[in-house]
Amino acid sequence: MTYLRNAWYAAAWDNEVAAGQLLGRTFLDQPVVLYRDEAGKPVALADRCPHRFAPLSKGKIIDNAIQCPYHGLRFGASGACVHNPHGSIPRAAYVASFPLLEKYGLIWIWMGDPDKADPAKLPDFSIIADHDNYAIVNGYLKIEANYQLVTDNLLDLSHAQFVHTFIGNSDSSDRNTFEMKVEGSTVWAYNNMPGEPPTKLWQLMWKSTAKVGDRRANMRWDAPSHLLLDVGFTDCGRPTSEGPSMPSAHILTPETEKKTHYFWAAARDTMRDDEELSKIIWKGIDGAFRLEDEPMIEDCQARMQTADLMSLNPVMLTTDAAAIRARRVLAMLVEQEQSADSTASAAAAS
Ligand code: FES
Ligand SMILES: [Fe+2]
């Protein structure tokens, strides 16, 4: 599968990479080992020793370097071998190292050309690190499906009515509207659900005596698979600022063509000191993704057999508009990247 390489991908929540420990994870089909150096700075190296290809993530950290578990070569943060217990250091003894960025509570990895790793290319997820204004819970899931199927699921929230109990509403009316907007390479999907009873999630936070209110679920997508959702519930016809809102991040990183790392975080601006509520919300959201979305997407992936949805000529609904647009934008960016790479290699060869 051809991925967009010159982009930041979420590699881990920052607390998953702890001092003195190695974390092995695969991104874009490539095994990577993550750890923190003595100063606490995260490091990412290719997780394959160049001697007999042992996984470095099964080794240990010694003197600020990873010691291979097989014959003891040690590799430092730059990827260079810094110690050979059997003699001098061979010239070819190094592994690739990847640029990292620690931001918004996540460690982001750049799997493409290191010279192009620009922090400005990361979409804004400041809300999920804004602890002054929000109470925030987060989680991680592994989904056995292509990452674009998960993007499709998130850009088409019409499934919530059928799939979800805690965050969906089977009473959703046919007055629901779906709209889509494209700004540069950002795709927006707007879903307004006027005059409906609150979902179980909003029953916890909407303090109105009315029986129905206006619900919204507006999703922002940026390539390759980084989504920010704004959901909220207000009294009918009132400005959205009057009701509780819950922005959430849904950040997907392909592990392989049929496996996806799913990092999520949900921030609420209401009842922020209520820790019991935080636990209920974490459980409800984790359950919605793990027990409702995940099995559905995995079943679809299993039926499809291929990771390439479009090769199966799927039936299209109006609610698919944003997802299809995001797929087109991503395909265009991948194509541009590939043709720039081949132009660069042709120039280098001539
Ligand atoms: S496989 Fe790593 S030192 Fe031999
Ligand atoms: Fe869902």
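Me: Before we start, what does it take for two strands to pair?
Reply: Two strands pair if DSSP finds at least two bridges between them. Keep in mind that this is a predicted model. The number to remember for pairing is at least two bridges.

Me: Which residue in β7 is the bridge partner of I66?
Reply: Start with the strands: β6 covers residues 65-67 and β7 covers residues 74-75. They pair in the antiparallel sense over two bridges. In β7, the bridge partner of I66 is F75.

Me: Nice! Which strands are the edge strands of the open sheet with the order β5-β6-β7-β8?
Reply: That open sheet has four strands with antiparallel pairing. An edge strand here pairs on one side only. That description fits β5 (60-62) and β8 (81-83).

Me: Now to β10: why is this strand largely enclosed by the rest of the structure?
Reply: Look at both faces of β10 to begin with. On one side L106, W108 and W110 are buried, and on the other side I107 and I109 are buried. Strand β10 is largely enclosed because, of its five residues (106-110), the number buried is five.

Me: Which residue of β10 is the bridge partner of A10?
Reply: Strand β1, residues 8-13, pairs with β10 in the antiparallel sense over five bridges. Strand β9, residues 100-103, also pairs with β10 in the antiparallel sense, over four bridges. From β9, L101 has W108 as its bridge partner. For A10, the bridge partner in β10 is W108.

Me: Which residue takes a positive phi in the hairpin of β9 and β10?
Reply: This hairpin has two residues between the strands. The residue with a positive phi near 60° is Y104.

Terms used:
Residues are numbered from 1 along each chain as its sequence is written. Chains are lettered from A and ligands numbered from 1 in the order in which they are written. This is a predicted model: local features need pLDDT of at least 70, side-chain atom pairs count only at pLDDT 80 or more; totals for chains, interfaces and linings use all residues. A residue is buried if 20 or more other C-beta atoms lie within 10 Å of its own, exposed if 12 or fewer, and partly exposed in between; C-beta atoms are placed from the backbone.
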